[in-house]
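Hi,

Here is the structure I promised to pass on to you. Please have a look at it first, and then read my notes underneath.

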Amino acid sequence: MFINNETENLTAYSLLTQPRFQIKYTHSIHLSDVIETFIALPDNTMKLTELEYEDFNIGMPSNAGEGEVFVEKDGKYFIKNMDRRLPEFSILIGDVDAGLSLIKKGKEYDLKKTLVRGKTYTFRIQRLSFFQQLKGVNIDDQ
């Protein structure tokens, strides 16, 4: 679910029928795609399991951390076997024409169609009641 950081209200949500999902964005400097792969855990936290990117420069790692695996394949770089646990994360919806998507089961949902550019949201995994779902926009309806 996406919570507006200014109002703390639920703005949008996406129903997870499988625990794996991805966030894909265009890096602001490199202008190439970055894909972060997550697993939703039973305790409503999430685990970052993989990072895929095309450029090493500013803001991107040049190697894997302890216990992780660095792979170069077809001009892309991957950090696999990641085990970085997060209760939530903040996401700024940039006011530029650059990609920002949620990917589930191979389908991309453009977050800039639903969320307001220039605003910051908190993303977290949470069960929603039917009443809560009525308050937010279902990203899956795009």
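Below is what I found, starting with the whole chain and then going strand by strand.

First, please keep in mind that this is a predicted model. The chain contains one helix and 13 strands. Their order along the sequence is β-β-β-β-β-β-β-β-β-β-β-β-α-β, so a single strand comes after the helix in that pattern.

On overall dimensions, the C-alpha trace covers about 45 × 35 × 25 Å along its principal axes. A compact globule of 142 residues would have a radius of gyration near 14 Å, and the chain, at 15 Å, agrees with that. Of the 142 residues, 42% count as buried. Looking at contacts with a separation of 6 or more, 56% come from residues 24 or more positions apart.

For the surface and the charges, the accessible area of the chain is about 8,400 Å², and carbon and sulfur atoms hold 48% of it. There are 18 positive and 21 negative side chains, with 6 Å between the centres of the two sets.

Now to the strands. One group is an open sheet of five strands with mixed pairing, in the order S9-S12-S1-S2-S13. Strand S9 (89–92) and strand S13 (137–138) are at its edges with a single partner strand each, so each of them has one side without a neighbour in the sheet.

Going through some of the pairings in this sheet:

- S9 and S12 run antiparallel and are joined by four bridges. Leu92 has Thr120 in S12 as its bridge partner.
- S12 (residues 120–123) also pairs with S1, again in the antiparallel sense, over three bridges. Here Asn4 is opposite Tyr121.
- S1 (residues 2–4) and S2 (residues 10–13) form an antiparallel pair with two bridges. Ile3 faces Leu10 of S2 across this pair.

As a reminder for when you look at these pairs, side chains in a regular strand alternate between the two faces of the sheet.

The other part I would point you to is strand S5. Which residues does S5 span, and how many of them are buried? The strand covers residues 46–53, and seven of its eight residues are buried, so S5 is largely enclosed by the rest of the structure.

S5 has these pairings:

- With S4 (residues 33–40), S5 runs antiparallel, and six bridges join the two. Phe38 is opposite Leu48 in S5. The hairpin of S4 and S5 has five residues between the strands, and Asn44 there takes a positive phi near 65°.
- With S8 (residues 84–86), S5 has three bridges, also antiparallel. The bridge partner of Leu48 in S8 is Arg84.
- With S7 (residues 76–80), S5 pairs in the antiparallel sense through three bridges. In this pair, Tyr53 is opposite Tyr77.

If you want one residue to begin with, try Leu48: this residue stands opposite Phe38 and is also the bridge partner of Arg84 in S8. From there you can follow S5 along to Tyr53 and across to Tyr77 in S7.

Happy to talk any of this through once you have had a look.

Best wishes

Notes: Residues numbered from 1 in each chain as written. Predicted model: local features only at pLDDT ≥ 70, side-chain atom pairs only at ≥ 80, totals over all residues. Heavy atoms only, no water. Pairing = 2+ DSSP bridges. Rg over C-alpha atoms; globule rule 2.2 N^0.38 Å. Buried < 20%, exposed > 50% of the residue type's maximum accessible area, 1.4 Å probe, protein only. Contact = heavy atoms within 4.5 Å. Areas by Shrake-Rupley, 256 points an atom, 1.4 Å probe, with all protein chains shown as cover. Lys, Arg positive; Asp, Glu negative; His and termini not counted. Charge placed at Lys NZ, Arg CZ, Asp CG, Glu CD.
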